[in-house]
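Student: I should like to study one part of this molecule closely rather than survey everything at once. Could you please choose a single helix and explain how the rest of the chain is arranged around that part?

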Amino acid sequence: MTGQPLPSGSQPADACASPNVAAMAGKPLTAAVAANPGLSGMSDGLDRAGLRTLDGMPALTLFATSDQFLAAFPFRRIPLLWDHPEQLATMLKQAAIAERLEPGQLRGAHTTMAGTQAIVTTDSGGFRVNGVKVVCRQLDITNAAVYIVDELVPQR
């Protein structure tokens, strides 16, 4: 997909499909995101924002927006973000925490790399971050725990 709108009638890859989640294992964060075809929009955003540097961090948590959402709203189609990588980086850092949070540590308030708050709650459907549903997770990434969400995490 590479940040382009999908052709009419096409569907984005399912980021939570077992083979796509398994493809992320054992890689550093940005390589893991790039290995999942259902996170291609997120991968494009990380590249454009110059955030490959996240691979050098020892521990992270990322709430990665799936292509299920980004197919309708790709970063490349939002000039305010795509034409200003520093603003895109700030937005993406609102979905990143500079520590690795396993599921048992996830609930509660956490300061993001952008200085905003990620409030993680639970309900009968599982985890939510700032009200956005966590649809699946991949914890076997070398330097991160990645929780895949079904839309952009709003700022708090």
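Tutor: The account below begins with helix α3 and then moves outward to the rest of the chain. Please keep in mind that this is a predicted model.

Helix α3 runs over residues 40–48 and is mostly covered, since seven of its nine residues are buried. Those buried residues are S40, G41, M42, S43, D44, G45 and L46. In this setting, buried means a relative accessible area under 20%. What do the buried residues of α3 pack against? Their partners are α2 (29–35), β1, α4 (67–70), α5 and α6. The list therefore includes both helices and a strand, β1. After α3 comes G50, which has a positive phi, near 70°.

One of these partners can be followed down to a single residue. Strand β1 covers residues 60–65, and T65 lies in this strand. Is T65 buried or exposed? T65 has a relative accessible area of 2%, so this residue is buried. Leaving aside residues up to four places away in sequence, T65 touches L39, M42, L70, V149, E151 and L152. Among these, M42 is one of the buried residues of α3, and L70 falls within α4, which spans 67–70.

A second view of the surroundings comes from H84. This residue sits in the loop between α5 (79–82) and α6 (85–93), and both of those helices are among the elements against which the buried residues of α3 pack. With a relative accessible area of 33%, H84 is partly exposed. The C-alpha atom of H84 is separated by 8.3 Å from that of A49, although their positions lie 35 residues apart along the chain.

A covalent link should be considered next. The count of disulfides comes to one, and the pair is formed by C16 and C136, with their sulfur atoms 2.0 Å apart. C16 belongs to the segment before α1 (18–22), whereas C136 belongs to strand β6 (residues 132–141), so that the link joins distant parts of the chain, 120 residues apart. The angle about the S-S bond is -85°, and the link is left-handed. The two cysteines fall into separate classes of accessibility: C16 counts as partly exposed at 25%, while C136 is buried at 17%.

Finally, the part may be placed within the whole. The chain contains seven helices and seven strands, and along the sequence they follow the pattern α-α-α-β-α-α-α-β-α-β-β-β-β-β. The radius of gyration is 14 Å, close to the 15 Å that the globule rule gives for 156 residues, so the chain is as compact as a globular protein of that length. Along its principal axes, the C-alpha trace spans about 40 × 35 × 30 Å. Of the 156 residues, 45% count as buried. Among contacts between residues at least 6 apart in sequence, 60% join residues at least 24 apart. The chain exposes about 7100 Å², of which carbon and sulfur atoms supply 52%. There are 12 positive and 13 negative side chains, and the centres of the two sets lie 2 Å apart.

Methods. Residues are numbered from 1 along each chain as its sequence is written. This is a predicted model: local features need pLDDT of at least 70, side-chain atom pairs count only at pLDDT 80 or more; totals for chains, interfaces and linings use all residues. Side-chain values use heavy atoms; hydrogens and water are left out. Helices (H or I, at least four residues) and strands (E, at least two) are DSSP runs, numbered from the N terminus. The radius of gyration is taken over C-alpha atoms; the globule rule is 2.2 Å times the number of residues to the power 0.38. Buried means under 20% relative accessible area, exposed over 50%, partly exposed in between (1.4 Å probe, protein chains only). Contact means heavy atoms within 4.5 Å. Accessible areas come from the Shrake-Rupley method with a 1.4 Å probe; for residues, only the protein chains shown count as cover. Lys and Arg count as positive and Asp and Glu as negative; His and the chain ends are not counted. The place of a charge is taken as NZ of Lys, CZ of Arg, CG of Asp or CD of Glu. A disulfide is a pair of cysteine sulfur atoms within 2.5 Å.
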